[in-house]
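Me: I'd like to learn how to read a pocket and a helix crossing. Can you walk me through them?

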Amino acid sequence: MNKNNNIAGYLFISPWLLGFLLLSLWPILQSFYLSFTDYSLLEAPQWVGLDNYRGIFGDSLFYKSLAVTFTFVFVSVPLKLAFSLLVAMLLNGNLRGMNLYRTAFYFPSLIGGSIAVSVLWRNMFGMDGYVNKLLSWIGIEGIGWISHPDTALSTLILLNVWQFGSTMVIFLAGLKQIPRELYESANVDGANAFRRFFSITLPMLSPVMFFNLILGMINSFQMFTSAFIITKGGPANATYTYALFLYEKAFDQFQMGYASALAWILLIIIAVFTLINFMFSKHWVFYESEGR
């Protein structure tokens with residue numbers, strides 16, 4: 001009987017299992033092998049050992065793309081978390097029409113990362129875009145936000161922060177799980193709003209914040225669409241992200257072996273930062289069961 005149950009279970013999960021083996025695991029193993037080869041898609045891969053990795057660490061564009069990507073991650077992720085939490089707290093109420101407001105704030109995330117949003121952002125922040133037109137109404141002369149090296153990356157960071165809906169919904173769910181009795185006890189003890197926020201809300205939300213931090217960091221390291229559509233990595237490589245560098249090596253220059261090596265380096269970078277976050281999480285992430 002147990003054997004038949006096991007067979008039935010394997011049959012039920014076989015579509016997912018086949019998809020994982022053929023569409024995930026096999027490409028991963030293939031990319032690892034290709035990272036040690038010279039492969040142009042048109043000819044058979046030629047084994048070159050560590051040449052791709054040596055070439056990467058001697059490439060100035062590699063370090064430029066890393067600097068841009070690190071800046072994007074370290075600025076946009078904290079801003080997105082803070083803004084998402086602020087909006088979630090504002091929407092954590094029972095006012096009339098609150099569901100409509102929550103839907104409106106979440107809506108940008110439904111189209112987030114799409115080509116259409118990137119084109120919209122490019123039109124908004126172009127020299128003749130809507131932002132400069134609004135500034136002209138109050139007597140301020142606009143600039144080319146996406147064509148100036150000092151502001152181009154900031155516009156991409158702003159776009160990432162604007163797509164805060166999913167993070168906000170997760171924060172909102174976490175806020176709903178905080179027992180109201182904690183706030184009532186704090187009020188009785190005379191705690192003000194700031195004290196309640198730092199002593200109750202943040203500690204109780206820390207597991208949710210940690211979850212959003214990890215997901216946001218991983219997604220930000222892979223940021224591609226906005227840089228590709230809005231700025232093409234310019235101006236002066238100011239928005240030349242790591243994913244864009246990888247894409248150009250793979251599909252513009254047809255250096256698939258080189259691009260595979262870049263992909264594995266990115267995987268290691270993300271894994272290292274994720275591990276660091278997990279190591280430090282024990283110092284600031286509070287789980288309710290630990291306090292019992």
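Reply: Sure! A pocket is an open set of grid points with protein on both sides within 12 Å along at least five of seven lines, and its lining residues have an atom within 4 Å of a point. Keep in mind that this model is predicted.

Me: Which residues lie nearest the centre of the second largest pocket, and how many line it?

Reply: There are 14 lining residues, and S31, L246, A259, S260 and A263 sit nearest the centre. The volume of this second largest pocket is about 310 Å³.

Me: Which elements give two or more residues to that lining?

Reply: Those are α1 (2-34), α12 (242-252) and α13 (256-281). The largest share, six residues, belongs to α13. Sorted by class, the lining has 12 nonpolar residues, two polar and no charged ones.

Me: Okay, now the helices. How do I put a crossing angle into words?

Reply: Angles under 35 degrees count as roughly parallel, over 145 as roughly antiparallel, 65 to 115 as roughly perpendicular, and the rest as oblique. Here, the axes of α5 (residues 115-125) and α7 (residues 152-162) cross at roughly 130 degrees and come within 11 Å. So α5 is oblique to α7.

Me: What is the handedness of the crossing of α5 and α7?

Reply: α5 passes α7 in a right-handed crossing.

Me: And which residues make the contact?

Reply: From α5 you have V117, W121 and F125, and from α7 there are T155, L158, L159 and W162. By class, this contact of α5 with α7 has six nonpolar residues, one polar and no charged.

Note on methods. Residues are numbered from 1 along each chain as its sequence is written. This is a predicted model: local features need pLDDT of at least 70, side-chain atom pairs count only at pLDDT 80 or more; totals for chains, interfaces and linings use all residues. Side-chain values use heavy atoms; hydrogens and water are left out. Axes are lines fitted to C-alpha atoms, for helices over the stretch in contact, and angles run from 0 to 180 degrees between N-to-C directions. Helices (H or I, at least four residues) and strands (E, at least two) are DSSP runs, numbered from the N terminus. A crossing is left-handed if the near helix is turned anticlockwise from the far one by less than a right angle, and right-handed if clockwise. Contact means heavy atoms within 4.5 Å. Ala, Val, Leu, Ile, Met, Phe, Trp, Tyr, Cys and Pro count as nonpolar, Asp, Glu, Lys and Arg as charged, and the others, Gly among them, as polar. On a 1 Å grid over the protein atoms alone, a cavity is a set of points where a 1.4 Å probe fits but cannot get out, and a pocket is an open set with protein on both sides within 12 Å along at least five of seven lines; lining residues have an atom within 4 Å of a point. Grid points are joined across faces, edges and corners, and a volume is the space filled by probe spheres set on the points.
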